[in-house]
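Trainee: Before I look, could you help me ask how each label is earned, setting the values against the definitions one by one?

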Amino acid sequence: MIWSDGKTRCPWANPQNPLYIRYHDEEWGVPVHDDQKLFEMLILEGFQAGLSWECVLNKREHFRLVFDGFDPQKVAQYGPEKIEQLCQDKGIIRNRRKIQAAVLNAQTFLDIQKEFGSFDRYLWDFAGGAPIRECGLTSSPLSDALSRDLKKRGMSFVGTTILYSYLQAVGVIFSHEEPCFLAPCFPQTPRP
């Protein structure tokens, strides 16, 4: 399908949602090396479980507001009162288990940063430091291995399908398919 702007995009992008189009065109598949952005996307992908990414994306700005800009140091300190407040906030996905997982995952995220120097180093080492081109999958040996390791470290809502989606979102896996106008833009440079 050729869109109103003359470009062809991946079939999952909703042509009626400008936010989704911008996400597809400017974020999805672009390699991320900023730990705070990597944390944000990890948490948001966990909230996506059982829902559509579009649902989460439409709420992302409010998520950012109530989750302190996805600062892992702050999220790791959330106690019962803050969790209850989040469970009542209609601007986010009010799933207590996912909210509690975000706090637990923030704590584990900080532990990984201490061990490896950054979450970026930890994550990209799974892919050998450079993006991988894969299309048409919902999991892979890479997402399987990352899921096993994060679960072993104590994270939850990090199953292989969630993590495959995460890896695509942060550009570890590049999945723009032909005839998408971004398909030829595969980033071949390794991590800085």
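Trainee: How do you know that the reach of H3 is close to what is expected?

Mentor: H3, a helix in the sense of a DSSP run of H or I with at least four residues, numbered from the N terminus, has 14 residues and reaches 19 Å from its first C-alpha to its last. The expected span is 1.5 Å times one less than the number of residues, which gives the 20 Å that the 19 Å is close to. This is a predicted model, in which local features need pLDDT of at least 70 and side-chain atom pairs count only at pLDDT 80 or more, while totals for chains, interfaces and linings use all residues. Residues are numbered from 1 along each chain as its sequence is written, and side-chain values use heavy atoms, with hydrogens and water left out.

Trainee: Where does H3 bend, and by how much?

Mentor: The bend is at Arg60, by about 55°, taken as the angle between axes fitted to the seven residues ending there and the seven starting there.

Trainee: What makes Glu40 buried and Glu115 exposed?

Mentor: Buried means under 20% relative accessible area, exposed over 50% and partly exposed in between, with a 1.4 Å probe and protein chains only. Glu40, at 7%, therefore counts as buried, whereas Glu115, at 52%, is exposed, and Arg153, at 27%, is partly exposed.

Trainee: Why is the pair of Glu115 and Arg153 called a salt bridge?

Mentor: A salt bridge is a side-chain nitrogen of Lys or Arg within 4 Å of a carboxyl oxygen of Asp or Glu, and the closest N and O atoms of Glu115 and Arg153 are 2.8 Å apart. The pair links distant parts of the chain, with Glu115 in helix H6 (residues 96–116) and Arg153 in helix H8 (residues 141–153), 38 residues apart.

Trainee: Why does Asp71 have no salt bridge?

Mentor: The nearest side chain of opposite charge, Lys74, is 4.6 Å away, so the pair does not meet the limit for a salt bridge. Here Lys and Arg count as positive and Asp and Glu as negative, while His and the chain ends are not counted. Asp71 is nevertheless buried, in the loop between helix H3 (53–66) and helix H4 (72–75).

Trainee: Which residues does Asp71 touch?

Mentor: Contact means heavy atoms within 4.5 Å, and Asp71 touches Gln36 and Phe39, not counting residues up to four places away in sequence.

Key. Helix = DSSP H or I, 4+ residues; strand = E, 2+ residues; numbered from the N terminus.
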